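Reader: Hi! Could you walk me through this structure? I'm new to this.

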Amino acid sequence: MLIIVAAATDKLNHMSRYNIFNQVHKALRAMLYDTSLTLQQTWFADREEAESALRQVNKVLNIFDAHARHEDDFVLPAIAQYEPSLVDAFEQEHEQDHLMSESLRGLMLVYRHAMKAGVKIETGDAINRAFTEFMIFNLQHMNREETILNKVLWRYYSDAELLALNQQIVASIPPGEISESSTWMMRGLNNAEIIAWLKAVEKNAPQQALTGLLNLAESELPAERYQKVQESLTEGMQIL
Ligand SMILES: [Fe+2]
């Protein structure tokens with residue numbers, strides 16, 4: 001629910017057309033950057049420290065797998081009748097992505113079986129390198145989706161139709177995944193996007209949804225950014 005109304009606001013900010021990928025891709029990129037930094041700060045000889053980093057890697061892999069499934073199930077079928085070869089190419093990228101996450105899962109298993117400090121450190125290095133490759137692949141993949149796939153979506157669909165498609169995707173996502181995504185959206189979006197998101201929620205969803213997101217904004221944003229967001233919401237209310 002929260003994401004549906006949020007997505008509707010993406011075009012207000014900077015796009016002349018509605019970018020169906022914007023909000024979720026910003027959340028995914030924030031996860032990649034954050035996890036990548038965590039990994040390079042982790043001393044893998046310390047199992048406890050490593051486990052906390054590996055749990056985060058695992059979350060990222062699961063969320064990317066789920067995201068690829070949403071696109072395979074909803075976005076690519078919308079394009080299939082117009083650009084079948086493009087759909088093939090993107091499906092192949094999603095498979096390649098899945099193989100990369102499987103090899104990362106394999107390396108994490110190796111780490112969990114390692115006894116000697118030297119092996120743990122070496123495996124940690126391998127996990128760092130594999131995660132970097134996973135990140136680079138996905139950053140490029142998301143860029144291609146936002147340029148190549150958007151061009152096709154914008155040619156054949158109106159913004160209203162793309163919003164409806166996004167609504168279908170959101171309706172299919174379990175609440176746990178929605179709440180995790182909302183946290184990373186809050187961490188990954190700029191102020192204008194967050195303000196538009198919260199204003200749309202204020203207009204279209206129950207009050208408790210807005211309160212929940214404001215609490216999330218307060219805990220996730222630096223104080224000065226949170227203040228701007230809050231002020232801008234209050235201004236909006238005065239105008240209304
Ligand atoms: Fe994507």
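Author: Happy to! Keep in mind that this is a predicted model. Let's start with a hollow: the second largest cavity has a volume of about 40 Å³.

Reader: Nice. How many cavities of 30 Å³ or more are there?

Author: The count comes to 2.

Reader: And which residues line the second largest one?

Author: The lining is made of Phe 64, His 67, Ala 68, Glu 71, His 94, Asp 97, Asn 138, His 141, Met 142 and Glu 145. H4, H5 and H6 are the elements that each give two or more residues to this lining. By type, the lining divides into 3 nonpolar, 4 polar and 3 charged residues.

Reader: Switching topic: what are the protein donors of the iron ion?

Author: They are His 25 (NE2), His 67 (NE2), Glu 71, which is listed twice through OE, and Glu 145 (OE), at 2.0 to 2.8 Å from the iron ion. Along the chain, the donors follow the spacing H-x41-H-x3-E-x73-E.

Reader: Why are His 67 and Glu 71 separated by about one helical turn?

Author: Because they sit 4 residues apart in helix H4, which covers residues 47-80.

Reader: Are those two buried or exposed?

Author: Both His 67 and Glu 71 are buried.

Reader: Last one: which residues touch the most other members in the largest nonpolar core?

Author: That core has 46 residues, and the ones touching the most other members are Leu 32, Ile 127, Phe 131, Phe 134, Met 186 and Leu 198. H4 gives the most to this core, with 8 residues. A second, separate core has 21 residues, including Phe 21 and Val 170.

Conventions. Residues numbered from 1 in each chain as written. Predicted model: local features only at pLDDT ≥ 70, side-chain atom pairs only at ≥ 80, totals over all residues. Heavy atoms only, no water. Donors = N, O, S within 2.8 Å, 3.2 Å for Na, K, Ca; no water. Buried < 20%, exposed > 50% of the residue type's maximum accessible area, 1.4 Å probe, protein only. Core = buried A, V, L, I, M, F, W, Y, C linked by side-chain atoms within 4.5 Å. 1 Å grid on protein atoms, 1.4 Å probe; cavity = no way out; pocket = protein on both sides within 12 Å on 5 of 7 lines; lining within 4 Å. Points joined across faces, edges and corners; volume = space filled by probe spheres on them. Nonpolar A, V, L, I, M, F, W, Y, C, P; charged D, E, K, R; others polar.
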